[in-house]
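Open the model in your viewer and keep the selection tool handy. We will go from one helix to the next and end in the core.

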Amino acid sequence: MPLTSVAIPVLWRLARLDFDSVRQRHVLLYPEGTVLLNATGAAILELCDGHRSMGEIAAILRERYRNDVTADVTEFLSHLAERELIREA
């Protein structure tokens, strides 16, 4: 089922956001591997707290970046949902 703007994303219970000091970048760690993140990906995941909807996350980032990032947020989180790294709260 595709994520919508009212979906409330949360990280899979075995996944965690971290900072890799060797690579000097944020990473999403999970038992089977690692996803290297850019600054925008890390910002999106930091807001996935199980309380904010995708629409609210996009609105916060729209203010921060002064640009409509709704499509980027939806695509990024949908991709992670397909890999079962995020779920709906």
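Begin by selecting α1 (39-46) and whatever surrounds its buried residues: the cover includes β1 (9-11), β2 (16-20), β3, α2, α3 and β5 (86-88). Helices (H or I, at least four residues) and strands (E, at least two) are DSSP runs, numbered from the N terminus. This is a predicted model, in which local features need pLDDT of at least 70, side-chain atom pairs count only at pLDDT 80 or more, and totals for chains, interfaces and linings use all residues. Residues are numbered from 1 along each chain as its sequence is written, and side-chain values use heavy atoms, with hydrogens and water left out.

Which residues of α1 are buried? Pick Gly 41, Ala 42, Ala 43, Ile 44 and Leu 45; buried means under 20% relative accessible area (1.4 Å probe, protein chains only). Then show Asn 38, which caps the N-terminal end of α1 with a side-chain oxygen 3.1 Å from the backbone nitrogen of Thr 40.

Next, select α2 (54-65). Its buried residues are Met 54, Ile 57, Ala 58 and Leu 61. Look down the axis of α2: these buried residues fall within an arc of 95° (taken from the directions from the helix axis to the C-beta atoms), so they line one face of the helix. Their cover includes β1, α1 and α3. Just after α2 comes Arg 66, with a positive phi near 55°.

Finally, select Val 73. Leaving aside neighbours within four places in sequence, Val 73 is in contact (heavy atoms within 4.5 Å) with Ile 44, Met 54, Ile 57, Ala 58 and Leu 61.

Terms used
Buried means under 20% relative accessible area, exposed over 50%, partly exposed in between (1.4 Å probe, protein chains only). A polar contact is a pair of N or O atoms within 3.5 Å; within protein, one must be able to donate a hydrogen and the other to accept it, and residues adjacent in sequence count only if both atoms are side-chain atoms.
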